[in-house]
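Dear colleague,

I am passing on a structure that you have not worked with before, and below it you will find my notes on a few of its parts. Please read them with the structure open beside you.

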Amino acid sequence: FTTGYRSVSATRQFYVSYVRSSAIGDLNDINTVTGPSAPALILPDARGPLAADVPHRVLAWGIIALPWHLTVAPFLEVRSGFPFSPVDDDWNPVGPPNGARFPAFASADLAIEKALKVRRLPPMRLGLKFFNITGRDNGRNIQADVARPDYRQTLNPIRRQFRASFEIVWSKA
């Protein structure tokens, strides 16, 4: 489901999107068993949520044109956490495969761009992009060992990032 608003002059646009999905399949497919990483733990065949299953996802974004050829584009994503399989100290599964989930993911990003026109050169845009502005700990890995005191603690977080951008606009318009 997506809804949005666009001003008559198209200088302001806002959209919100919600996706409800399900990704269930065989958890012992050939890619899991013979993948490029370390040897896989081969378990009895089971069906369950796949690694990329995200049942709920909300996106909100917009584009706001400001004076002096500035454009501001906020972006927000909030979604369910990915599934994972809790294990004991001997790597034996605890509960159903992929029966637990990472904490919910939330990230607010912002892009600011300035359009430039330099004589005899194509139009250009200079920008600043900010990712995960709030600094939320959206870990990419999780402690899955139920016997550890840090069970369910996320690791390898996506940190706050700042980038500059430079674009050359090659359109004929």
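**Strand pairing at the start of the chain**

Thr 3 has Val 16, a residue of S2, as its bridge partner. Please keep in mind throughout that this is a predicted model. The bridge at Thr 3 belongs to a wider pairing, in which strand S1 (residues 2-6) and strand S2 (residues 12-20) run in the antiparallel sense and are joined over five bridges. Together S1 and S2 make a hairpin with five residues between them, and in the turn Ala 10 has a positive phi of about 65 degrees. S2 also pairs with strand S5 (residues 56-66), again in the antiparallel sense, over nine bridges, and within S5 it is Ile 63 that stands opposite Gln 13.

**Asn 138 and the second largest pocket**

Further along the chain, Asn 138 lies in strand S11, which covers residues 138-142. Is Asn 138 buried or exposed? Its relative accessibility is 5%, and because buried means under 20%, Asn 138 counts as buried. Leaving aside neighbours within four places in sequence, Asn 138 is in contact with Ala 104, Phe 105, Ala 106, Ser 107, Asn 132, Asn 156, Pro 157 and Ile 158.

Asn 138 also belongs to the lining of the second largest pocket, where Phe 102, Pro 103, Phe 105, Asn 138 and Gly 139 are the residues nearest the centre, out of 14 that line it. The space in this pocket comes to about 160 Å³. S11 gives the largest share of the lining, three residues, while S11 and strand S12 (154-158) each supply at least two. Sorted by class, the lining of this pocket holds six nonpolar, four polar and four charged residues.

**The largest nonpolar core**

Phe 102, which appears in the pocket lining, is also a member of the largest nonpolar core, whose six residues are Phe 84, Val 87, Ala 100, Phe 102, Ile 142 and Ala 144. Not counting residues up to four places away in sequence, Ala 144 touches Phe 84, Ser 85, Pro 86, Val 87 and Tyr 151.

**A loop residue**

Pro 93 sits in the loop between strand S7 (83-84) and strand S8 (100-101). With a relative accessibility of 38%, Pro 93 counts as partly exposed, because that class lies between the limits of 20% and 50%. Although Pro 93 and Val 146 are 53 residues apart along the chain, their C-alpha atoms are separated by 9.8 Å.

With kind regards

Definitions and conventions: Residues numbered from 1 in each chain as written. Predicted model: local features only at pLDDT ≥ 70, side-chain atom pairs only at ≥ 80, totals over all residues. Heavy atoms only, no water. Helix = DSSP H or I, 4+ residues; strand = E, 2+ residues; numbered from the N terminus. Buried < 20%, exposed > 50% of the residue type's maximum accessible area, 1.4 Å probe, protein only. Contact = heavy atoms within 4.5 Å. Core = buried A, V, L, I, M, F, W, Y, C linked by side-chain atoms within 4.5 Å. 1 Å grid on protein atoms, 1.4 Å probe; cavity = no way out; pocket = protein on both sides within 12 Å on 5 of 7 lines; lining within 4 Å. Points joined across faces, edges and corners; volume = space filled by probe spheres on them. Nonpolar A, V, L, I, M, F, W, Y, C, P; charged D, E, K, R; others polar. Pairing = 2+ DSSP bridges.
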